[in-house]
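Student: I am new to this structure and would like a close look at a single part of it, namely its largest nonpolar core. Could you walk me through that core slowly, and then set it in the context of the rest of the chain?

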Amino acid sequence: MNIYKGAISLAIFGESHGEAVGVILDGIPAGTAISKQGLQEKMQKRSARGKISTARHEKDEVRIISGVRAGETEYLTTGAPVAILVANENVRSKDYTNDVLPRPSHADFVASEKYNGFADLRGGGHFSGRLTAPIVAAGYIAECVLAEDDISIGSHLLRVKDVTDRQFSCDVVELKREIVAVNDKYFPVLDENVGAKMQELASAAASAGDSVGGIVETAVVGHGIGIGEPFFDSVESVLSHLIFSIPAVKGVEFGLGFDFATQYGSDANDEFYYDNSGKIATKTNNNAGINGGITNGMPIIIKTAIKPT
């Protein structure tokens, strides 16, 4: 339930109102440099701000208690498991008592039934979005590993309810620039005017005691050809497995995704050609850089649907 086993294994632990939440990473290469400032900046991006986020505000200061040597500005991994703790400080457990009815669309009811009434339901317990805090820290460490091979990842808010940002560029050079740009933003959109409208919409919903859902678009560039192990460990299978583990995710699609159902095969195909450097590429990227569950070298494009809280 709480462990993902791959080239890098990930184990999460903790509850929303427990002393801390955390993660253990096993398989991180020794000598990986992790910027202390970069790590904390990632955590600050996750932190709540204003009316459009959760009312729970945490410092989210990361403690790495094993697997690294700490320098003045960076950590260096030792090859041993990396253990991360993030303290829970701003909790209001009195808001959650056993006689409160299960919240609709939350895990309260099913967790109570599954664990015979023993589950800690305060703030969602182990099923809370609070568990994404250590995952963000783990993700930054994985990002540092990938950066050594010039692999970059970026995400932006493609849609909030019925307000839509433009999609990532199909041009690889422009896409790399867009990834750098959105990774430097707290509210990551490609069009700032659209971003302002999204925040206005979310704020209006919050003022009315409501919430909105949305779609996140993610791009991966620089990973090369041949990643993926069909059938059950195809690139789509593994990434979907991990993405669906994030609370509130209800849909994942690659490239055209469900829009493939509206296409003729002749329109949906990604035709191969030799680019200016003599490498094989595709003229379009409808299949999100994946054929037969294996990467073809084009950018991986993923859309993730998040339900309203």
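Tutor: What follows begins with the chain as a whole, goes on to the core you asked about, and then visits some other places along the chain.

Please keep in mind throughout that this is a predicted model. The secondary structure of the chain comprises seven helices and 17 strands. With a radius of gyration of 21 Å, close to the 19 Å that the globule rule gives for 309 residues, the chain is as compact as a globular protein of that length. The C-alpha trace spans about 65 × 50 × 40 Å along its principal axes. Of the 309 residues in the chain, 37% are buried. Among contacts in the chain with a separation of 6 or more, 66% are between residues 24 or more positions apart, and the core gives an example of such pairings, since Val-82 is in contact with Val-23 and with Ile-141.

The largest nonpolar core has 24 residues, and those that touch the most other members are Val-62, Ile-64, Val-82 and Ile-84. Several elements each supply at least two residues of this core, namely strand 2 (9-14), strand 3 (20-26), helix 1 (36-46), strand 5 (62-66), strand 8 (82-87) and helix 3 (132-147). The largest share, seven residues, comes from helix 3.

To see how one member is surrounded, take Val-82 and leave aside its neighbours within four places in sequence. The contacts of Val-82 then include Val-23, Ile-24, Leu-25 and Ile-28, and they also include Ile-64, Ser-66, Gly-67 and Val-68. Thr-77 and Ile-141 complete the list of residues in contact with Val-82.

A second, separate core has 19 residues, including Phe-168, Leu-190, Ala-288 and Ile-301.

Strand 2, one of the elements that supply residues to the largest core, is also the place of Ala-11. Not counting residues up to four places away in sequence, Ala-11 touches Asn-2 and Ile-3, and also Gly-22, Val-23 and Ile-24. Two of these, Val-23 and Ile-24, are residues that Val-82 contacts as well. Ala-11 and Asp-26 lie 15 residues apart in sequence, and their C-alpha atoms are 8.6 Å apart in space.

Beyond the core, some details of the backbone deserve a careful look. Pro-230 and Phe-231 are joined by a cis peptide bond, with omega about 5°, and Phe-231 sits in the loop between strand 11 (214-221) and helix 6 (235-243). The loop between strand 11 and helix 6 also holds Gly-222, which is partly exposed at a relative accessible area of 39%. Apart from its neighbours within four places in sequence, Gly-222 is in contact with Asp-149, Asp-150 and Ile-151. By contrast, Gly-222 and Ser-112, which are 110 residues apart in sequence, are 44 Å apart in space from C-alpha to C-alpha.

Positive phi values occur at Lys-161, where phi is near 50°, and at Ala-248, where phi is about 80°, although neither residue is a glycine. Lys-161 is found in the loop between strand 9 (152-160) and strand 10 (163-164), whereas Ala-248 is in the loop between helix 6 and strand 12 (249-254). Ala-248 is partly exposed, with a relative accessible area of 24%.

Glu-174, which lies in helix 4 (residues 172-183), counts as partly exposed at 27% relative accessibility. Glu-174 and Thr-164 are 10 residues apart in sequence and 20 Å apart in space, C-alpha to C-alpha.

Finally, to return to the chain as a whole, its accessible surface comes to about 17800 Å², and 55% of that belongs to carbon and sulfur atoms. The chain carries 29 positive and 39 negative charges, and the mean positions of the two sets are 5 Å apart.

Notes
Residues numbered from 1 in each chain as written. Predicted model: local features only at pLDDT ≥ 70, side-chain atom pairs only at ≥ 80, totals over all residues. Heavy atoms only, no water. Helix = DSSP H or I, 4+ residues; strand = E, 2+ residues; numbered from the N terminus. Rg over C-alpha atoms; globule rule 2.2 N^0.38 Å. Buried < 20%, exposed > 50% of the residue type's maximum accessible area, 1.4 Å probe, protein only. Contact = heavy atoms within 4.5 Å. Areas by Shrake-Rupley, 256 points an atom, 1.4 Å probe, with all protein chains shown as cover. Lys, Arg positive; Asp, Glu negative; His and termini not counted. Charge placed at Lys NZ, Arg CZ, Asp CG, Glu CD. Core = buried A, V, L, I, M, F, W, Y, C linked by side-chain atoms within 4.5 Å.
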